[in-house]
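This report looks at one helix and what lies around it, and then turns to the chain as a whole. Please view the sequence and the structure first.

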Amino acid sequence: MAEANDVYASIKDHIDYKGEQVTAETYLKVITGDASAGGKVLQSGPEDNVFLYFVDHGGAGMLSFPGLWYPSSLLEVDLMNALQSMHDKKMYKNLVFFVDACESGSMFENLPADINVFAVTAANATESGWGKYCGSPKVGGTTIHTCLGEEFSCTWLEEADVTDLSTVTLQALYEVVLGGVKMSHPQEFGALAYANTTDADAF
């Protein structure tokens, strides 16, 4: 694999939360507009379309947040409560949520059908998601022994790069993902009728 670019060097000054600040508790505060998070929080209103994108480890009914000694987990019930709170506070008109994590389908099995949320996950409730572009890439001459992406994320992001998203619906984008991901079974939940009628560039 060719020498890789150090992407972090160009974005590190634009990161709002990092290190020990990145916890499940902080994440819930950010998306529900709770200023006690200590940094930027979502300040959207009833006419806004909101896109949430989560990439990390996951398990049955949980999403994992980083931490060498004190990692934290976002439980399915807490995520559902947060989405309901966002809806009740009129923080969005429509919300699209992409989740790239193992067993991520387990996070939306109880998603209410009437809160205008369309969720897409990398895997079903019982299987892993998988990496892509794996090998021994180097950054600054150092071999980092990792994968540079995830199959689910690479599939939809690469499609977005080459497609005029104003010409395809969210459902059509999901179907591209469904056909392109080979190692797991992406799932969709929630506002499926909305996904069939809304252009992907709305988000």
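The buried residues of helix α4 pack against five strands and one helix, namely β1 (49-55), β5 (94-100), β6 (117-121), β7 (131-132), β10 (149-150) and α5 (170-180). The model discussed here is predicted, and the buried residues in question are Glu 151, Phe 152, Ser 153, Cys 154, Thr 155 and Trp 156 of α4. Helix α4 itself comprises 12 residues, 151-162, and from its first C-alpha to its last it reaches 17 Å, which is close to the 16 Å expected at 1.5 Å a residue.

At the level of the whole chain, the secondary structure amounts to six helices and 11 strands. The radius of gyration of the chain is 17 Å, which agrees with the value near 17 Å that a compact globule of 203 residues would have, and the C-alpha atoms fill a box of roughly 50 × 40 × 30 Å along the principal axes.

Some further values for the chain, each given as a percentage, are collected below.

| Property of the chain | Value |
|---|---|
| Residues that count as buried, of 203 residues | 39% |
| Contacts joining residues at least 24 apart, among those between residues at least 6 apart in sequence | 62% |
| Exposed area supplied by carbon and sulfur atoms, of about 11000 Å² | 52% |

As for charge, the chain carries 28 negative and 10 positive side chains, and a distance of 7 Å separates the centres of these two sets.

How values were computed: Residues numbered from 1 in each chain as written. Predicted model: local features only at pLDDT ≥ 70, side-chain atom pairs only at ≥ 80, totals over all residues. Heavy atoms only, no water. Helix = DSSP H or I, 4+ residues; strand = E, 2+ residues; numbered from the N terminus. Rg over C-alpha atoms; globule rule 2.2 N^0.38 Å. Buried < 20%, exposed > 50% of the residue type's maximum accessible area, 1.4 Å probe, protein only. Contact = heavy atoms within 4.5 Å. Areas by Shrake-Rupley, 256 points an atom, 1.4 Å probe, with all protein chains shown as cover. Lys, Arg positive; Asp, Glu negative; His and termini not counted. Charge placed at Lys NZ, Arg CZ, Asp CG, Glu CD. Expected span 1.5 Å × (residues − 1).
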